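Here is a set of questions and answers for a reader who wants to work through one model with its sequence and coordinates at hand. Each answer ends on the value or name that was asked for.

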Amino acid sequence: MTQGAGRGSDVWHGAGVTGSGLVSWGATGSGAMGLGARGLGATGLGATGLGATGLGATGDAEPRPDGYTPTQRDLPVIGAAPATPTPTLVDTPSPAADGEQGPLYVVGDVHGYLDELRTALLNQGLIDTGDHWIAGNARLWFLGDFTDRGPDGIGVIDLVMQLSAEAAAAGGYCKALMGNHELLLIGAKRFGDTPVGSGAGTASFQAAWLLNGGQRSDMERLQEHHVQWMSRLDAMALADDHLLVHSDTTAYLEYGDTITDVNDAVTEALTHHDADETWDLFRKFTKRFAFRDDAGATAARELLDTYGGRRVVHGHSPIPYLLGEVGSEDGEDDAPQVHGPHVYADSLAVAMDGGVTMAGKLLVSRLPLPA
C-alpha cells in the first residue's frame, strides 16, 4: 500500500502521549510514547508547543492541562446534496427480522482511505465490484473516524450511507458510530475559528482539524445534511455481547449509566450548537489507552459491567501504538505489521484500528473472533 496524503498520528501536534493514554502538552517526557506520524506529522509531536502551532495561547509559561488525545461518534458525505437525502439506518429503524440474524462484522478507522475500504469489504464478500451490498442479512458496524488524513473522507461517508440503505433493503444493516474525527469535522464546519477554551489557552476547531489531518477537499464537499447525519450517530452500541465504541476510554461513563442515556446525552449536546460544549465532547472522547496497562482489564470490566457485553470492541488507538511498535516522530519507522485485530486486557478488549494512516492495514473482521 502506498502512503496517501495526510498520513499521520491521531494526536495534537505539540503533545506527547503518556502511558495513561492522555496527551501532555509540550515536550514528550521520559517514558511517554510520542505518537509517530507520517506525512502530516512532519512537524512532530511533543517538541512543538501549542503556542508554536497556533493552538495554544502563550507558549512555555502556559500551565499544562490534564491532557487528552483525539476520539468519538460517526460519519460526513460527497457530492451535491440530493433533494431528498438518501435514507440510512440512522433515519430508519432496521426491519424486523423474520429469521436468524446474519453474521456480524466490524470495521476499524478508515480515515479517508476509500480504495482500501472497498478492497477490504470486497474481500469479506460484503460488496461487489460495483460497491453494492451483496451480504443479505449480514450486519456491519463502522467504529468511526471516516475522514481526515486520507485522500477521500467524503467518498468514504458516501459509500457508508449508500450501504446503509442497501443493507436495510436486503434485511441486514450497516450502521456507524461517531468517532472523534467526526466531532472534529462537525466543529470545524459549524464553528471555524471561533475560540474555545482548550485548558492550555485559546484554540479553535479549525486549527485543531487542520493539525489532525483535515483535508480541505473534504471540507469543500461537506454539506449541511452531511453534518446533520453525523451529529445523529450513536456513541456506543451492543451487538452479540460485544460493546462497540470508538475510543478506548472510560469517558463514556460520564454521560450516563445505559447505552441509551449516553447516546441521548451526546446527541442532545450537539443540538445546542455550542462551540465549548462540542469541544468538551471532543476533548473527552479523544482520550485513549484506558485498557492497555496494568489497570486495563479493570477499566474494560467497568464499561462492560455498566453497559453490558463480554468484550469491548474499539477503534481510535492504532494497534502499532498499543503494542509500542511505532512511536518515533521522524516518520522513519518501517511499515507496521498488522495481521488482524488485537485482543488484550485479559481478553476483555479488542482493538480494530489497524493503522491504515501509517501504512498499516484497514481491518474488517467478523465477530466473534476465532478462538
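**Backbone, core and charges**

The segment after β13 (364-367) is the place of Pro368, in a model that is predicted.

Q: Which residue is joined to Pro368 by a cis peptide bond?
A: Pro368 sits in the segment that follows β13 (364-367). The omega angle of the bond in question is about 0 degrees, and the partner of Pro368 in this cis peptide bond is Leu367.

Q: Is Asp241, which has a positive phi, buried, partly exposed or exposed?
A: Asp241 is not a glycine, yet its phi is about 65 degrees, and the residue is found in the loop between β8 (236-239) and β9 (242-245). Its relative accessibility is 37%, and buried would require a value under 20% while exposed would require one over 50%. Asp241 therefore counts as partly exposed.

Q: What is the relative accessibility of Phe289, and is this residue buried or exposed?
A: Phe289 is a residue other than glycine with a positive phi, near 70 degrees, and it is found in the loop between α9 and α10 (296-307). The cut-off for buried is a relative accessible area under 20%. Phe289 meets that cut-off, because its relative accessibility is 2%, and it counts as buried.

Q: Which helix gives the most residues to the largest nonpolar core?
A: The largest nonpolar core has 99 residues, and those with the most contacts inside it are Leu121 and Phe142. The helix that gives the most to this core supplies eight residues, and that helix is α3 (residues 153-169). As a general background, nonpolar side chains in soluble globular proteins tend to be buried together. The name asked for is α3.

Q: How far apart in space are Ser217 and Ile154, C-alpha to C-alpha?
A: Ser217 lies in helix α6 (residues 216-221) and, at 31% relative accessibility, counts as partly exposed. In sequence, 63 residues separate Ser217 from Ile154, whereas in space their C-alpha to C-alpha distance is 8.6 Å.

Q: What is the C-alpha to C-alpha distance between Glu325 and Pro336?
A: Glu325 is found in the loop between α11 (319-322) and β11 (342-344), and it counts as partly exposed at 43% relative accessibility. Glu325 and Pro336 are eleven residues apart in sequence, and the C-alpha to C-alpha distance between them is 7.1 Å.

Q: What is the N to O distance in the salt bridge between Arg118 and Asp115?
A: Both residues lie in helix α2 (residues 114-123), where they are three residues apart, about one turn of the helix. Arg118 is partly exposed, with a relative accessible area of 31%, whereas Asp115 is exposed, at 53%. Their side chains meet in a salt bridge with an N to O distance of 3.4 Å.

Q: How many residues apart in sequence are the parts tied together by the pair Lys284 and Glu254?
A: The side chains of Lys284 and Glu254 meet in a salt bridge at 3.1 Å, N to O. Lys284 lies in helix α9 and Glu254 in the loop between β9 and α8, so the parts that this pair ties together are apart in sequence by 30 residues.

Q: Which residues are joined into one network by salt bridges that share partners?
A: Asp280 and Lys284 meet through their side chains in a salt bridge of 3.2 Å, N to O, and these two residues of helix α9 are four residues apart, about one helical turn. Asp280 is partly exposed, with a relative accessible area of 26%. Shared partners join the salt bridges into one network, whose residues are Glu254, Asp280, Arg283 and Lys284.

Q: Which helix supplies the largest share of the negative surface patch?
A: The patch is formed by Asp257, Asp261, Asp264, Glu268, Asp274, Asp276 and Glu277. Helices α8 (259-271) and α9 (275-284) each supply at least two of its residues, and Asp276, whose place is in α9, is partly exposed with a relative accessible area of 45%. The largest share, three residues, comes from α8.

Technical notes. Residues are numbered from 1 along each chain as its sequence is written. This is a predicted model: local features need pLDDT of at least 70, side-chain atom pairs count only at pLDDT 80 or more; totals for chains, interfaces and linings use all residues. Side-chain values use heavy atoms; hydrogens and water are left out. Patches are made of residues with over 30% relative accessible area and no salt bridge: like charges are joined within 9 Å, nonpolar side chains (Val, Leu, Ile, Met, Phe, Trp, Tyr) within 5 Å. Accessible areas come from the Shrake-Rupley method with a 1.4 Å probe; for residues, only the protein chains shown count as cover. A salt bridge is a side-chain nitrogen of Lys or Arg within 4 Å of a carboxyl oxygen of Asp or Glu. Lys and Arg count as positive and Asp and Glu as negative; His and the chain ends are not counted. The place of a charge is taken as NZ of Lys, CZ of Arg, CG of Asp or CD of Glu. Buried means under 20% relative accessible area, exposed over 50%, partly exposed in between (1.4 Å probe, protein chains only). A nonpolar core is a set of buried Ala, Val, Leu, Ile, Met, Phe, Trp, Tyr and Cys residues joined through side-chain atoms within 4.5 Å.
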